[in-house]
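Okay, thanks everyone. I've got one structure for you today, so let's put it up and walk through it together.

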Amino acid sequence: MLFGREHAVTLVRRALAEVSGAGGRLLLAAGEAGVGKTALAAELLRAAPGHGVLVSWAACRADAGAPAYWPWVQALRGLSRRLDFEPAGATGDADAARFRLFDHIATQLAEAAAARPVAVVLDDLHWCDESSLRALAFVADRVRTARVLLFGTYREAQAPPRLVDLARSAQVVQLGGLDEPDVARLMADVAGAAPSPELARAVRRRTGGNPFLTREVTRLLVSRGEPGRLDDVPDGARVVLGERLSLLSPACAGLLGAAAVLGAEAGLGVLCQVAGLDPGDAVVLVEEAVRAGVLVRPPAPAGHVRFAHDLFRDTVVEAMAPDDRARRHRAAAGALRDDGAPAAEVALHYLRAGPACAAEAAELSRIAGEEAAAGLAYEDACGHFARALAAGGGPGLPGLPGRSGGSALPGGSARPGGSARPGGSARPGGSALPGRPGLLVRLGDAQYRAGRSDEARSSLRAAANEARAAGDGTTLAAAALGLERLGVRAGTRDAELDDLLAEAAAALEPGHPRLPEVLAARARTLHHGRLGADPADVTGLAAEAVRLARRRDDPATLAGCLLALHDARWRPGSARDRLPILDDMAGAARRAGDEERIAQAKQLRAAALLELGDPRGVAELAEYCALADRLGHPRARWNALTRRATLALATGDAAAAERLVVEGLALGARIGEPDAIGLANTQAFALMLLGRPWPDLGEPATVYGRRHNPVLAALSAHVRGDRRAAAAILAGYDLADAPRSHDPEPLVFTAFMLAEYGDEKQRRQAYEALLPLAGTHSVVGGCASYQGAIDHHLSRLAPAAGDAGRHAAAAVAMYDRLGAGPWAGLLAGRAAVFRREGTTWVLGFAGETVHVPDAKGLHDIAALLAVPGRPVHVRTLLGLPAATGADPVLDERARAEYRARLTALDDELDEAATHHDPERESRARTERDFLIAELAAATGLGRRPRRLGDENDRARKTVTARIRYAIARVREVHPVLADHLDRHVRTGTECRYRADPGPGWEL
């Protein structure tokens, strides 16, 4: 019976009632040891059947000997389900693999709850491993719409930081000490008689109202036969429990010593071995301890016993002499090993057995680390590998963690613009790396996957040093690849890493399986690290890596090497050359089943297509965002969110882009993404180009500069509105000092600022630097941002008005093709004029104004511009009433032949696009447009055949001819405007102007 816990019991029963009829929730009970948390959980277990709720109980262990995700293994087992682990690294990314594992747990619970409401009790969460706590946070969020109650208990004083954070988002039942009346009630329940007020007051004072200690003090007083003097009431848990245990026989005390060494729970067979007892004698002694309330028999598995409370076990362990404790741990390790216990549990006992078992402790800890890593429990793996290193001797490593801690999420590599994920192999250092250097590589890999990038760097550097001293090229390569995978912030130089990769490549035999990865990693480091290497040398390294990977027929390695080749060839204006490499990379990734690489290839392909101004780039980027969302892990979600901002920027939806930029920065900060603020500022610059104010991102605009850059400093002053400071910073600036990148971003920044503040010489320098990129768009990295057409920026720098108009016209045409109306509107502005003045028309567009003679088709066009997007019937344009006609223009057979040829042309267009054959594509598209026009001319509303002599058809032909004639006249003096009208004016029985959004016409 629970005394003084009426409010807590009410909350538990209310939670059961709510989960049986609505969504899920997380409920936690917190308090010190013995305060009644587990008793409250037991009350939930008793009350659940009355609410139709199925309960599964899981207990966390106080040591590092449990298998990976042990609480969840127990919880699912209690629901007749199992936890299926995906092999580590099978699909390339630790975050993705863990997301799938956590999603699997949540799905299993939701499926079980679909048949009957479920409650999962997670007892002693303060001992829960870091990986399982991460899973709990994920599952708690996912089951909000399922009939699942998660109930956890924990001691506040021992709660790890992740549990403290989790408790902030949960309902917490706070359990404290009982008051004096409830202490008296509890004592009466145990003793069978009510205590005197003075005795109840004394026990309350000595125990703090702790229910467990109150119960044990009362039992002790009862065992003495008389309550005794008030000052005989024991003070403190250890004294109380020590006296209680002293009442047991010496043989029973010996059995309890063996049980305490084995842990909170033990099987009778192993217990007999450790205690050195026959099974019959052990059963008698267990019965004695059970009668005394020190041990209990859990419901399952059969043949097991556990301590009634952890405080009993702690008291027994503390009373042992160190040598006796070590001897028992050694016996426990041997018994458990024979019994087939998990390596982690056996390793723990060998470690506690002392130096005599160091070799066994190191080996079993290594095995335990590999098992934990294979089960995606990277935090546990860090602790096991660290203990293996400590047990094996040799130089120590600073800051090696124990079982938990570290940052919440992997930092990862920060490729330019925040590419989908770092290059290089996602596999650990290999399955057969020998000795201590190999163990250091495994530790570094686990630390990286657990999000402890700084610790991983330290471990991998130590591994490289020891592998070098041992002449171990394989491990040296594994350490170098691990360091390369950790990455650095975009644009940061790392000559030390390049030297290490070069050394590793030289140390490997020509046919070594890891040589392609090392060469590819070095190519990426040289290219992205701005290390001044000859681009031809970098490309040669990447090409050799691809050649070796193809020879090995390893699609996973080949995809990574092709990424390196793509990056090595990535420089401004190289989009067309990169596309075939990306297609090859996507194919290799599909053969390898690597979803991350497939998504990355699509992301980079979108960047190349946008750079070329190909409208397919917009669709490709939208598809990448959907793929990244499906991957689901935090970094993929950040990539999807930030690339949606780029998508909004590219199409000119500034309001949506601004919202997404702020949301992307917030998510990036939460997950520890190193380039989050830099990418947000890059996108903020694009927002400024679109005429929006710089959003408040919490840090200055120059934060993404990796070294001092006057242009960025001036940009920061410009954003603050300090034009005088911006001009002063740029005075005398020489463009030769500007940084260079694989994309046009630095040049575009410079062009914008010098157009605003530069002198004539500086503007000409910027113009000449950008001019080779005319006809393309500025896309930052892997679609990290979109900064408009290069011709747009050239128009602001052009030395002559004619050049400015030419570039502005080219930019408008490029924006039209891309569907980026608002960008075109920036250039068209108030010059978008289509107005009749007497016998001539004033036509202004893209910075150029012309005059043309009056023509009937110009009146038709003006009428359409006045109602953008709305259909206007040709008879309305002619001022005529509707009419009807007679015979079909085309018979059924002719229409069928037209449609068959159109289908063939569609296939030809797809094939031409796949093979990047623009001439073939142009021929097919011309024929297709002609056939569509002919078929449309023969078809009326509702797909009814047009009829010869039909008055509507005659009207359509008249208006079409007038409009086409007018556009041809415009083309003679303003081809950019003519192209715009050709693209957006649609003729037929109903005509319309379909520019969305249009530039805003003055009519």
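Let me begin at a small spot: Gly-208, which comes right after helix 8 and has a positive phi, near 70°. Keep in mind that this is a predicted model.

Now back up into the helix itself. Which residues of helix 8 are buried? Helix 8 runs over residues 197–207, and its buried ones are Leu-199, Ala-200, Ala-202, Val-203 and Thr-207. Those residues span an arc of only 160° around the axis, so they sit on the same side of helix 8. That fits the textbook picture: an α-helix has 3.6 residues a turn, so residues three or four places apart point the same way. And what covers them? Among the covering elements are helix 7, residues 180–191, and helix 9, residues 211–223.

Okay, zooming out. The protein has 1003 residues, and 55% of them count as buried. You're looking at 44 helices and 16 strands. If you take the contacts with a separation of 6 or more, 68% are between residues 24 or more positions apart. The accessible surface is about 40,700 Å², and carbon and sulfur atoms hold 52% of that.

Next, the inside. The largest nonpolar core has 116 residues, and the members touching the most other members are Phe-685, Met-753, Tyr-815 and Phe-834. Helix 31, residues 676–689, gives this core its largest share, ten residues. There's also a second, separate core of 114 residues, with Ala-464, Leu-481, Ala-523 and Val-546 among its members. As a general point, nonpolar side chains tend to be buried together in soluble globular proteins.

Let's pick out Phe-834 for a second. Setting aside neighbours within four places in sequence, its contacts include Trp-841, Leu-858, Ile-861 and Leu-865, and also Leu-981 and Trp-1001. The list even takes in Leu-1003.

Last stop, an arginine. Arg-578 is in helix 26, which covers residues 575–592. Is Arg-578 buried or exposed? Its relative accessible area is 1%, and the cut-off for buried is under 20%, so Arg-578 counts as buried. Its side chain makes a polar contact of 2.7 Å with the side chain of Ser-574. Not counting residues up to four places away in sequence, Arg-578 also touches His-566, Arg-569, Trp-570, Arg-571, Ala-608 and Glu-611.

That's my tour. Happy to rotate the view if anyone wants another look.

Terms used: Residues are numbered from 1 along each chain as its sequence is written. This is a predicted model: local features need pLDDT of at least 70, side-chain atom pairs count only at pLDDT 80 or more; totals for chains, interfaces and linings use all residues. Side-chain values use heavy atoms; hydrogens and water are left out. Helices (H or I, at least four residues) and strands (E, at least two) are DSSP runs, numbered from the N terminus. Buried means under 20% relative accessible area, exposed over 50%, partly exposed in between (1.4 Å probe, protein chains only). A polar contact is a pair of N or O atoms within 3.5 Å; within protein, one must be able to donate a hydrogen and the other to accept it, and residues adjacent in sequence count only if both atoms are side-chain atoms. Contact means heavy atoms within 4.5 Å. Accessible areas come from the Shrake-Rupley method with a 1.4 Å probe; for residues, only the protein chains shown count as cover. The arc is that of the directions from the helix axis to the C-beta atoms. A nonpolar core is a set of buried Ala, Val, Leu, Ile, Met, Phe, Trp, Tyr and Cys residues joined through side-chain atoms within 4.5 Å.
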